[in-house]
Amino acid sequence: MSPSTEEIGLSTTAERAAVVQAAGSTPDKDWVIVTRGLKREYDMGGEIVRALRGVDLAIRRNEYVAIMGPSGSGKSTFMNLIGCLDTPNAGEYWLSGELVSTFKDDELARVRNKEIGFVFQTFNLLPRASALHNVELPLVYAGVGSAERKERAMEALTKVQLADRASHRPNELSGGQRQRVAIARALVNRPSILLADEPTGNLDSTTSEEIMKVFETLASTGQTVIMVTHEPDIAAHARRVVVLRDGLIASDERKESFTAKLGL
Amino acid sequence: MPFFESVALALNTIRVQKLKSFFTLLGVMIGVMFLIAVVSIVQGMSNYVENDFAAKIIGVNTFTFRRRPNFNPNTTDDQWREFQRRPRIYAADAELVRSVQPVGNKSAIVNQTFLYASTQYARPRQVQAIATEASYFDIKKLVVTSGRAFSSQEVSAGAKVIVIGTDIVDNLFGELDPLGREVRIGGMPYTVIGILEKQGSVFGFSLDRQAIVPYTTPVSRLIQPRGDLQSMIVQGPSREVMQDGIENAREVMRGVRHLAPGKVDNFALETEDSALEFFDGLKKQMIVFGTALPAIGLVVGAMVIMNIMLVAVAERTREIGIRKALGARRRDILSQFLIEASTLSVLGAAIGIALGLLAAKIVSMTTPLPAAVAPWSIGMALILGAGVGIVAGVYPASRAARLDPIAALRQE
């Protein structure tokens, strides 16, 4: 129990273990994400692929976590589960005190809409819509009225310094700008977690730094950020690094010990 | 997503792909266009037949006593042979029918056919020669604008006088005043005593080519060489009195012809209803054939829309994935594509309606066919358009709604 654990957005190993082990019980609201024995298997033409083999993970509000792992480690599957795009075969997944692993399609859609902000490697903006309209989309599905939507979308674009590009289409924006539009879109509905999947995978190193700074700022203002990446130097921006290997958590440590190991 | 926003989104999608959307719409457009045009023309004809034709050609509250029916579609060979075997109608029969008519019924013997009329001033023209009695003018509400109609005395005396329509005046007399001049009908000389008011035409058939003479003059012999009568028209003051007249006529004619009960009449008593019935049949046929083709157009249109929507779903799989990741529920995606398909086809229907109205207008201006727009047909076309879109959109939209977001997002 070093004093640094009292820092914003850092949970201790002991606290996490306590939350994870209390199977079946509703975790405290403060724990945004709790997974208990999360399993996901795929049937690939008769062959069962066990992508996740029982993942226990707890993430507290305000944490900035990177999830790493080589390809085939199950990190994409894990991200899909965390992002409520997929449901597990076994295990519990609690998101903001809700047991979302039992949710059906429409409830999952609502959770994706309200609780999760996605940032993708390929940006995934609608090509024919303006930046503003792209940012508005989650609010459209949340049922927010047109005037309020515009205002909130503009606010989100201002936060990523793109207010002057609101009427531009994605193909009129640079890669970094597109990713910032995507971040604005992810944040516009004030989600519990910001889920980024290789957010810098399609960007050059200068732009990557720029995007990482945006994440940094968000994390320091209290936004929970979960970032999936396979690049250690990108993962090193997070305060906590979880490494997956063969469908299990191989390590879960503070950034300092992670960077020390890598010699960064 | 709110309905109007979905429509706006759909319109935007259509606007972005103008040419593709146009070809998608073509089937529905053409289908609706022909539907509107056909319905308008049929409606126009039926209005015309009901309002003008029946009164002008046949007369209000009239029946015609004749050897065989005039309006008789689909006559079989057997029927035709039966008609030929029927006894002819002579003056005595006409007098008998006339004698049993209720008070107030007017009647006129009518023999008519097309004959050539000629004057010394112009080449001969074909005219509608009507050999009749003085009461004919009254029954048909014919107005003589200059000169006069012939009297019953002239009819009994067999005076060779004639009342002609304006077309005949124009064609045979040019600038001359026809009154008092001679015109030959089928070679027989007549003196013009009156000119009829201009009446216009029915289905391109001019009513101003009538040449009316007493039935006691030689033209009758040209029309009915055997000396029998073609028909007698009877008009009652009301429909009921006319019906009484028909029944009396039937009774007395069956009597003189010794028809046993159960045997069919061997003469015809025809009202305007027979004509209207004939036109009703015609109208039904026209509606059936006239709408069968557009219906095929609409089916083809629906298939085109379904195809294009399937392509759109495939093309926009990633968009669907993005929308789902951002919280779109199945029904949001379903309604988005359904609304897109129906917006597309309603747009097609709207263009089709405009083109159909235009086509009806052109047809009524360039041909004798009248056209009247039936308001229900526009409403029906729009509903049909939306229906086609929804039917065509259901399958593609449900495919879009069922897409797995992960797979959809992964697609390039």
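Which residue takes a positive phi just after α2(A)? In this predicted model, the residue in that position is Cys84(A), whose phi is about 60°, and the paragraphs below lead up to that residue through chain A before turning to the helices of chain B.

It helps to begin with how far the model can be trusted. The model as a whole scores ipTM 0.90 and pTM 0.71. For chain B the mean pLDDT is 88, with 97% of the residues at 70 or more. Within chain B the confidence is highest in strand β5, residues 161–164, at a mean of 96, and lowest in strand β8, residues 201–202, where the mean is 74. Where pLDDT is low, the predicted coordinates should not be read in detail.

Chain A is built from nine helices and 10 strands. Its radius of gyration is 18 Å, close to the 18 Å that the globule rule gives for 264 residues, and chain A is therefore as compact as a globular protein of that length. Measured out along the principal axes, its C-alpha trace spans about 50 × 45 × 40 Å, and 48% of its 264 residues count as buried.

Helix α2(A), which runs from residue 75 to residue 82, is a good place to look at this burial in detail, because seven of its eight residues are buried and the helix is thus largely enclosed by the rest of the structure. The buried positions are Lys75(A), Thr77(A), Phe78(A), Met79(A), Asn80(A), Leu81(A) and Ile82(A). Beyond the end of the helix comes Cys84(A), in the loop between α2 and β4 (90–95) of chain A. Cys84(A) has its positive phi although it is not a glycine, and with 25 other C-beta atoms within 10 Å this residue is buried.

A second residue of chain A invites the same kind of inspection. Asn62(A), in the loop between β2 (47–60) and β3 (64–68) of chain A, is likewise not a glycine and yet has a positive phi, here of about 75°. Since 20 C-beta neighbours lie inside 10 Å, and 20 or more is what burial requires, Asn62(A) counts as buried.

In chain B, the eye can start from a loop residue and then move on to the helices. Asn70(B) is found between β1 (62–66) and α3 (77–85) of chain B, and it is partly exposed, with 15 other C-beta atoms within 10 Å. Although Asn70(B) and Leu269(B) are 199 residues apart in sequence, their C-alpha atoms are 9.9 Å apart in space.

Helix α12(B), residues 330–366, packs against two other helices of chain B, α13(B) and α10(B). With α13(B), residues 375–402, the angle is about 150° and the axes are 7 Å apart; as angles over 145 degrees count as roughly antiparallel, the two helices are therefore roughly antiparallel to each other. The contact of α12(B) with α13(B) has 22 nonpolar, eight polar and one charged residues, and α12(B) passes α13(B) in a right-handed crossing.

The other partner, α10(B), covers residues 272–315 and packs with α12(B) at an angle of about 140°, with the axes 11 Å apart. That angle makes α10(B) oblique to α12(B), and the crossing of α10(B) and α12(B) is right-handed.

How values were computed
Residues numbered from 1 in each chain as written. Chains lettered and ligands numbered in written order. Predicted model: local features only at pLDDT ≥ 70, side-chain atom pairs only at ≥ 80, totals over all residues. Axes fitted to C-alpha atoms, helices over the stretch in contact; angles between N-to-C directions. Helix = DSSP H or I, 4+ residues; strand = E, 2+ residues; numbered from the N terminus. Parallel < 35°, antiparallel > 145°, perpendicular 65-115°, else oblique. Left-handed = near helix turned anticlockwise from the far one by under 90°. Nonpolar A, V, L, I, M, F, W, Y, C, P; charged D, E, K, R; others polar. pLDDT = per-residue confidence, 0-100. Rg over C-alpha atoms; globule rule 2.2 N^0.38 Å. Buried ≥ 20, exposed ≤ 12 C-beta atoms within 10 Å, placed from the backbone.
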